[in-house]
Amino acid sequence: MGPVRESFIFEFLYCHLSLEASCSSVRIINIAFIPESLSWISFSLTAFFWIFVFVNAALVGVLALIWGERRLIGKFQARLGPNRWGPLGLFTPVADAIKVMFKEDIEPTLSDKLIYVLAPILMVVPVFMIFPIIPYGAKTFLTNISVGVVFVLAITSINSLSVLMAGWASGNRFAIIGGIRAVAMLLSYEIPMGISAAGVVIVAGSLSLSGVVDSQVIPNAIFQPLGFITFLIASTAELNRSPFDITEAESELVAGYMTDYSSMKFGLFYLGEFMATIASSAIIVTFYFSGWRGPSFIPSEIWFLAKWIGVIAIFIWFRATFPRLRIDQIMSLAWKGLFELSLINVLVLALMIAIWPDPTGMQLLLMTAINWIVFLASVYIFGKILSPNLTGNKIKKRSVIYGLD
Amino acid sequence: MSTELVTMNIGPIHPSTHGVFRMRVTFDGETIIDAEPIIGYLHRGSEKLAEERTYTQVVTLTDRMDYTASMTNNQAYILSVEKLSGITPSERGVWLRMIASELQRIAAHSVAIGFLINDLGAWHTPLLYLLREREKILELFEMMCGARITNSYLRPGGVFMDAPDEFWPSLNRFLDEMPNRLDDIENLLTDNEIILARTQNVAILDKNDAINASITGPMLRASGVDWDLRHRNPYDYYEKISFRRPLGTVGDNNDRYLVRLHEIRESLKIVEQCLDLIEPGPVQPEEVPFLVRPPKGESYVPIEAPKGELGFYLVSDGGISPFRCHVRAPSLINLTLLRDMVIGYKIADLFVTFGSIDVNMGEVDR
């Protein structure tokens, strides 16, 4: 059972089922009963068990995030947030879920029935596939696929298809505008996201997520700030979260692509979005906050969890503070800002890795310093000097004048 | 590649139509080609109802026109009744209603700014901060007259009761706190890059167009016209008060936002001056009868309501109720230019522009 045996949690369960010779050292209690010749049965049982655990953990995570988001935004907005159901309102998302399940399931007459039903499923299922490949701790991961970074980028871009399907199949004009906006935006932000991830891969020299974590002596957020900022902005856009929530755009398109969805189909979109936020935060922690690494007096899983919650809180903070950008501003930000910035980042990193293939401590610090200089200079050039010419709308801070008596 | 125009029906039930406004909008992709406003979903026949009520009872109808600014509606109506029937108001009553109407202006502008930023897509945060300040004003109103939204505080000749003793310290506390709260709001919003990018140079309203279309209020001042009825045609005791009139320089959505924000600061100064000048005395002269019976005639007194020039045109046939009551509603007249302002801009700009006009459907349809 080659590569999967790298995973500690997988091996632990597997060895308590299988009588395989190499397992005896891992076993704590001697309860194994499946002979070595039937190892595929132990493998399948273990896999099913962990799939069950991961899917349910993701669902519980969504409930926790819904609670956390509403609670935290409540604090941002100088109000209490949910506090009626259960201690601190912890059961509010459960009540929400029950409510959504018992709503009437409406299918609009004009809808394309098959695609209409498929869209919410396509929103949720791919996101589940991200959780097993993320290293949650030094030994806690389910599988370590060798092309993890590419896999993550591929899976996260499926949801734009789902949004377009939902918008198209609803037969509603608000929905189709939402769907088309989603495709335009998500495809544009794929590119800076992929190029920023290339920066991570260049530093790691590996496409596997474990390799990415191992390579981060200095966390990438500090080591390559330009890549971090572009990746963070691009993944906010990928998640359809504020300030890039033009596909839902409550004040414009009512609910965008999910205007006509009700009951559990709407619930699945809701679920998919929150789950994508959790998954993206885990990816950002892995790519840019050195994953589970941290001083060893705290277990690595706790480090990961703390960073994870921190990144999710950043997304919630964005949502509580930023107004929405307009579609043309979003597109010009992607193509005239983030795209170039991520290219600069990759170029600088590639040059430095070519000069110092195996950087020592001092060289790492020097590289960090160069990255910061490049970061500040390019953000200044793009943000202050070029941006007024790029967006076409010359903004400048102004105040009022007063009428003369 | 062949493309088609899309005609969409936005409203009357829609998250950002501020009530039940309806627009039939034609888009070319994301660009607005045509926008046809359709109104009348909140028509309650207030003007007709006024003909069957006594002059005092009509005050309660005016509350429900612009329900974010009941006090100024009361004020416009009462000034017209006083002119019609020749009642001289008592001094303390006038000061009280000036305080009330300036507080109402702060509350109405808070709502306007909050919902404008909400239309921009901010997730309720600035709105809730502003509504918290409005809540304090509503509590002050509750002390004054027992009601929060539909106040019916004013009567011909003044107000129906004096503010209680605990009102004055609360008002002073509010006046102390509010400038700091406004600074917070300004820190969050005024120089926010996204808000600047979204609102600047969008839906520019030319000075002459605004004057020709009878636009009034903050919307006119945002286009750079120094026209404030409190200054140009002072009613009540506004000639004893000094205040500045903030004017916009470009006339876009950002200017409309800025003008409202600075008017809140000026209103605070006006309330402070009123507090210095108010003196004890009766709040309503004793000779005002319970049933006002004005002589035959007509009257119109325009006032500067939070949304623009508001006036009640009253015709009396000598009876106890108006023969005809017509309302010059600023919301309706400011809304007339919406179509010309939004054509050529994006879908998202439509709602921001609509929010920046600051209409209240209760007043548009009456």
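This section describes the overall build of chain B, one of its helices, and selected backbone features of chains A and B in a predicted model.

Chain B contains 15 helices and ten strands. Its radius of gyration is 21 Å, close to the 21 Å that the globule rule gives for 366 residues, so chain B is as compact as a globular protein of that length. The C-alpha trace of chain B extends over about 80 × 45 × 35 Å along its principal axes. Burial was assessed for the whole chain: 54% of the 366 residues of chain B count as buried. Contacts in chain B were also examined by sequence separation. Among those between residues at least 6 apart in sequence, 70% link residues at least 24 apart.

Helix 6 of chain B was considered in further detail. This helix comprises 23 residues, from 167 to 189. At 1.5 Å a residue, helix 6 should span 33 Å, and the distance of 31 Å between its end C-alpha atoms agrees with that expectation. Helix 6 nevertheless carries a kink of about 30° at B:E177, and the proline B:P179 follows shortly after the kink. Four residues of helix 6, namely B:L171, B:M178, B:I185 and B:L189, are buried. The cover over these buried residues includes helix 4 (91-119) and helix 5 (125-145), together with helix 7 (193-199) and helix 11 (253-277), of chain B.

Several backbone features were then examined. Most residues other than glycine have a negative phi, and most peptide bonds are trans. In chain A, the peptide bond between A:S242 and A:P243 is cis, with an omega of about 5°. A:P243 belongs to the loop that connects helix 10 (225-238) with helix 11 (250-253) of chain A.

A positive phi of about 65° occurs at A:V254, which is not a glycine. A:V254 is located in the loop between helix 11 and helix 12 (263-288) of chain A. Since a residue is buried if 20 or more other C-beta atoms lie within 10 Å of its own, A:V254 counts as buried because it has 20 C-beta neighbours inside 10 Å.

In chain B, B:S152 likewise has a positive phi, near 50°, and is a residue other than glycine. B:S152 occupies the loop between helix 5 and strand 4 (154-155) of chain B. With 22 other C-beta atoms within 10 Å, B:S152 is buried. Helix 5, which precedes this loop, is also among the elements that cover the buried residues of helix 6 of chain B.

Conventions. Residues are numbered from 1 along each chain as its sequence is written. Chains are lettered from A and ligands numbered from 1 in the order in which they are written. This is a predicted model: local features need pLDDT of at least 70, side-chain atom pairs count only at pLDDT 80 or more; totals for chains, interfaces and linings use all residues. Helices (H or I, at least four residues) and strands (E, at least two) are DSSP runs, numbered from the N terminus. The radius of gyration is taken over C-alpha atoms; the globule rule is 2.2 Å times the number of residues to the power 0.38. A residue is buried if 20 or more other C-beta atoms lie within 10 Å of its own, exposed if 12 or fewer, and partly exposed in between; C-beta atoms are placed from the backbone. Two residues are in contact if their C-beta atoms, placed from the backbone, lie within 7 Å. The expected span of a helix is 1.5 Å times one less than its number of residues. The bend at a residue is the angle between axes fitted to the seven residues ending there and the seven starting there.
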